[in-house]
Amino acid sequence: MAAARVPLWAICVLRVALATVYFQEEFLDGERWRNRWVPSTNDSRFGHFRLSSGNFYGHKEKDKGLQTTQNSRFYAISARFRPFSNKGKTLIIQYTVKHEQKMDCGGGYIKLFPADVDQKNLNGKSQYYIMFGPDICGFDIKTVHVILHFKNQYHANKKSIRCKVDSFTHLYTLILRPDLTYEVKIDGQSIESGSIEYDWQLTSLKKMEKTSAEAEGWDQAAKDKSQDWEKHFLDASASKPSDWNSELDGDWQAAMLQKPPYQDGLKPEGIDKDVWLHQKMKNNYLTEYDLSEFENIGAIGLELWQVRSGTIFDNFLITDDEEYAENFGKATWGETKGPEKEMDAIQAKEEVKKAQEEDEDDMFMGRFTGRENSFRAFHRRNEF
């Protein structure tokens, strides 16, 4: 019997069904985005966002996103979603950013926040789980930040990841896997990958955590055993007297003795430290505080500074499926990147043509003005 063939569309539908999409935003419903995104009122000087596809685009509607509108301002805005934990799961964060203004100094990154973040008071001190995306300032800073919150501290990737610096839309993707590996993609191409443990220099923190856990486990073992140490026990060295009559005297039982209280420096008898730790201590220093696991993810936001405004953020996605993220990127940025560059090239040619025409007009007017001035000077000389 021939094997049944499954159509490609059915496989795609199955993939979508298997993927968990925690958040997805394309801004395709006009001004209704304001019902989902909450601007911070922490500071009256915060800059404002508007929905725009910019001066050039691949598709006027599909390329609309949140655009910064005021120079030299801080910006803070966020959107909530159903809280989730990525424990034991892959976490993918993806979005597009377009520095149409040719960024000189400012951020283009996003932040992932815990569910209890105060959206109305969002600011630079608000705790976040992950910060990811490009940051540009002058000639020195052209980097992709990947910052993780671990043990009440923020830790940056020690590798230098260069971001895009042109004025086109680019797709940024961060993948954090449960095996403690990660990958950073720009425009669908992997530009950096490795171990979260080593590329964030967190091995020392793990060792400190492990040592602390072992010490705590041993202290608890000593404490528990010290209580047993103080209890009464039968005198094992005692023997039944020769004249003991069980019928008259009853069952013989050794005398109960009490060991002296447990003292520091004395090891309880019969307890080996390594065996005790192995059998009794819950070695959860890594599983409880894993390097890329967050228990209560519930909001995504933009909290940044820009000298020159004009950046457009779009096509936000948070999911657990790498293939879904790849397909989503192709269906959004992948469809409009080509037409966007074509429109920019057409506008550039039109600007060059217009500049040439203006130069020619200036030259013509200069010649005409020069001749007119010469004619007037000639008549003035004749008057004398």
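# Exercises on a predicted protein model

The protein has seven helices and 18 strands. Helices (H or I, at least four residues) and strands (E, at least two) are DSSP runs, numbered from the N terminus. This is a predicted model: local features need pLDDT of at least 70, side-chain atom pairs count only at pLDDT 80 or more, and totals for chains, interfaces and linings use all residues. Residues are numbered from 1 along each chain as its sequence is written, and side-chain values use heavy atoms, with hydrogens and water left out.

## Exercise 1: the whole chain

Task: describe burial, surface and contacts in the protein.

Solution.

Step 1. Take burial. Buried means under 20% relative accessible area, exposed over 50%, and partly exposed in between (1.4 Å probe, protein chains only). Of the 384 residues in the protein, 40% are buried.

Step 2. Take the surface. Accessible areas come from the Shrake-Rupley method with a 1.4 Å probe; for residues, only the protein chains shown count as cover. The accessible surface comes to about 23,200 Å². Carbon and sulfur atoms hold 50% of that surface.

Step 3. Take the contacts (heavy atoms within 4.5 Å). Consider those between residues at least 6 apart in sequence. Of these, 71% join residues at least 24 apart.

## Exercise 2: the disulfide

Task: find which cysteines form a disulfide, and say what the pair ties together.

Solution.

Step 1. Recall the bond. A disulfide is a covalent bond between the sulfur atoms of two cysteines. Here the test is a pair of cysteine sulfur atoms within 2.5 Å.

Step 2. Apply the test. The structure holds one disulfide. C105 and C137 form the disulfide, with sulfur atoms 2.0 Å apart.

Step 3. Place the partners. C105 lies in strand β7 (residues 105-107) and C137 in strand β9 (residues 130-137), so the pair ties together parts that are 32 residues apart in sequence.

Step 4. Read the handedness. The angle about the S-S bond is -80°, and the link of C105 and C137 is left-handed.

Step 5. Check burial. C105 is buried at 16% relative accessibility. C137 is partly exposed at 28%. C163 is buried, at 5% relative accessibility.

## Exercise 3: the cavities

Task: describe the cavities of 30 Å³ or more and their linings.

Solution.

Step 1. Fix the terms. On a 1 Å grid over the protein atoms alone, a cavity is a set of points where a 1.4 Å probe fits but cannot get out; lining residues have an atom within 4 Å of a point. Grid points are joined across faces, edges and corners, and a volume is the space filled by probe spheres set on the points.

Step 2. Count. The structure holds two such cavities of 30 Å³ or more.

Step 3. Take the largest cavity. Its space is about 60 Å³. The lining consists of D63, T96, V97, K98, T169, I312, D314, N315 and E340. Strands β6 (91-99) and β18 (311-319) each supply at least two residues of this lining.

Step 4. Sort that lining by class. Ala, Val, Leu, Ile, Met, Phe, Trp, Tyr, Cys and Pro count as nonpolar, Asp, Glu, Lys and Arg as charged, and the others, Gly among them, as polar. The largest cavity has two nonpolar, three polar and four charged lining residues.

Step 5. Take the second largest cavity. Its space is about 50 Å³. V97, K98, H99, P134, K164, D166, F168, H170 and Y172 line the second largest cavity. β6 and β12 (169-176) are the elements that give two or more residues to this lining. The largest share, three residues, comes from β6. By class, the second largest cavity has four nonpolar, two polar and three charged lining residues.

## Exercise 4: two positive phi values

Task: locate K151 and L180, and decide whether each is buried, partly exposed or exposed.

Solution.

Step 1. Take K151. Its phi is near 55°, a positive value in a residue other than glycine. K151 sits in the loop between β10 (141-150) and β11 (153-156). K151 is partly exposed, at 33% relative accessible area.

Step 2. Take L180. Its phi is near 65°, a positive value in a residue other than glycine. L180 sits in the loop between β12 and β13 (181-186). L180 is buried, at 11%.

## Exercise 5: a loop residue

Task: place F139 and give its C-alpha separation from D104.

Solution.

Step 1. F139 lies in the loop between β9 and β10. F139 is exposed, with 80% relative accessible area.

Step 2. F139 and D104 are 35 residues apart along the chain, and their C-alpha atoms are separated by 8.8 Å.

Note on methods: 1 Å grid on protein atoms, 1.4 Å probe; cavity = no way out; pocket = protein on both sides within 12 Å on 5 of 7 lines; lining within 4 Å.
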